[in-house]
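Fresh notebook page today. I wanted to look up how this chain is put together and jot down what turned up, entry by entry.

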Amino acid sequence: MKEQAKREEECPDKAHLIEQVRGGDEQAFSQMLALYRPLLEASVRRFSQELLPEEQQDLRQEATLVFYHAILNYDMEQSEVEFGLYAKICVTNALVSQLRLIRRRRVEESLDGMESRSAVLEENDPAVGVLEEERLRELYAVIRKHLSPFEYRVWRLYVSGMTAKDVARAVGKDERSVGNAIYRIRQKLRALLRQSE
């Protein structure tokens, strides 16, 4: 924080820099980027713990792009929100969205992988594919039997890669209700697994 404050003191007027960036001055953007790099890096670090290096790089690029757009869209006429806070909010929101996309992509890739493995199995022996499909249907029937209709719907959406917040929006409930449902679902499924061992 002290480093950030020192950089801001050494830097020319931010409003002037913002105007220069809006005028297409790349050097002014480089100065703004250097000034706010700690903020951007901290935001990326916060969201990139579980990510691969190339996904982390995607987040960095997204943060830089959103930061540039924050400079272009910041309302300099108002005095309630400092530019740094505005940029932080913009970057955080964008990184949350980007992380959701990465998670969904992973789920889709794993589902695609399961489908292609299943297709290979079916290609080699159609009976194996039929058996796998039947086992999956049985598993879903057992899960459905032990969950309430609401819990089952939440479970299907949650395992598809949605966050609790996304599920809450999809089912028309508040996030707390969905969080409680996810907790109950986990408890029930753990109990089922213990019974089957």
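**Entry 1: overall layout.** I read along the sequence and found the pattern α-α-α-α-α-α-α-α-α. That gives nine helices and zero strands in the protein chain; helices (H or I, at least four residues) and strands (E, at least two) are DSSP runs, numbered from the N terminus. I also looked up burial: of the 197 residues in the protein chain, 29% are buried. Here buried means under 20% relative accessible area, exposed means over 50%, and partly exposed is in between, with a 1.4 Å probe and protein chains only.

A note to self on the ground rules: this is a predicted model, in which local features need pLDDT of at least 70 and side-chain atom pairs count only at pLDDT 80 or more, while totals for chains, interfaces and linings use all residues. Residues are numbered from 1 along each chain as its sequence is written, and side-chain values use heavy atoms, with hydrogens and water left out.

**Entry 2: aromatic rings.** How many aromatic pairs does a search of the whole structure find? I got eight. Rings of Phe, Tyr and Trp (its six-membered ring) pair if their centres lie within 6.5 Å; planes under 30 degrees apart count as stacked, over 60 as edge-to-face and the rest as tilted.

One of the pairs is Tyr36 with Phe83, which is edge-to-face at 5.4 Å centre to centre, with 75° between the planes. Tyr36 lies in helix α3 (residues 26-47) and Phe83 in helix α5 (residues 83-124), so this pair ties together parts that are 47 residues apart in sequence. I checked burial for both: Tyr36 counts as buried at 1% relative accessibility, and Phe83 is buried too, with a relative accessible area of 3%.

Phe83 also pairs with Tyr74: the ring centres are 5.3 Å apart and the planes stand at 80°, so I noted this pair as edge-to-face. Tyr74 is buried, as is Phe83. Stepping back, I found one aromatic cluster formed by Phe29, Tyr36, Phe67, Tyr68, Tyr74, Phe83 and Tyr86.

**Entry 3: α3 against α4.** I followed α3 to its contact with helix α4 (residues 53-73), where the axes come within 10 Å and cross at roughly 135°. My axes are lines fitted to C-alpha atoms, for helices over the stretch in contact, and angles run from 0 to 180 degrees between N-to-C directions. The two helices, α3 and α4, are therefore oblique to each other; angles under 35 degrees count as roughly parallel, over 145 as roughly antiparallel, 65 to 115 as roughly perpendicular and the rest as oblique. The crossing of α3 past α4 is right-handed (left-handed if the near helix is turned anticlockwise from the far one by less than a right angle, right-handed if clockwise).

**Entry 4: helix α7.** Which residues of α7 (residues 149-159) are buried? I listed Glu151, Tyr152, Val154 and Trp155. Seen down the axis of α7, these buried residues fall within an arc of 165°, so they line one face of the helix; the arc is that of the directions from the helix axis to the C-beta atoms. A reminder for the margin: an α-helix has 3.6 residues a turn, so residues three or four places apart point the same way.

Val154 has a relative accessible area of 0%. Its C-alpha atom is 8.4 Å from that of Ala168, 14 residues apart along the chain. From Tyr152, I looked across to Ile182, which is found in helix α9 (residues 175-196). The C-alpha atoms of Ile182 and Tyr152 are separated by 9.8 Å, with their positions 30 residues apart along the chain. Ile182 counts as buried at 9% relative accessibility.

**Entry 5: after α7.** Ser160 has its place in the loop between α7 and α8 (164-171), and at 36% relative accessibility Ser160 counts as partly exposed. Just after α7, Gly161 takes a positive phi of about 110°. Beyond the loop, α7 and α8 pack at an angle of about 130°, with their axes 10 Å apart. That makes α7 oblique to α8, and α7 passes α8 in a right-handed crossing.
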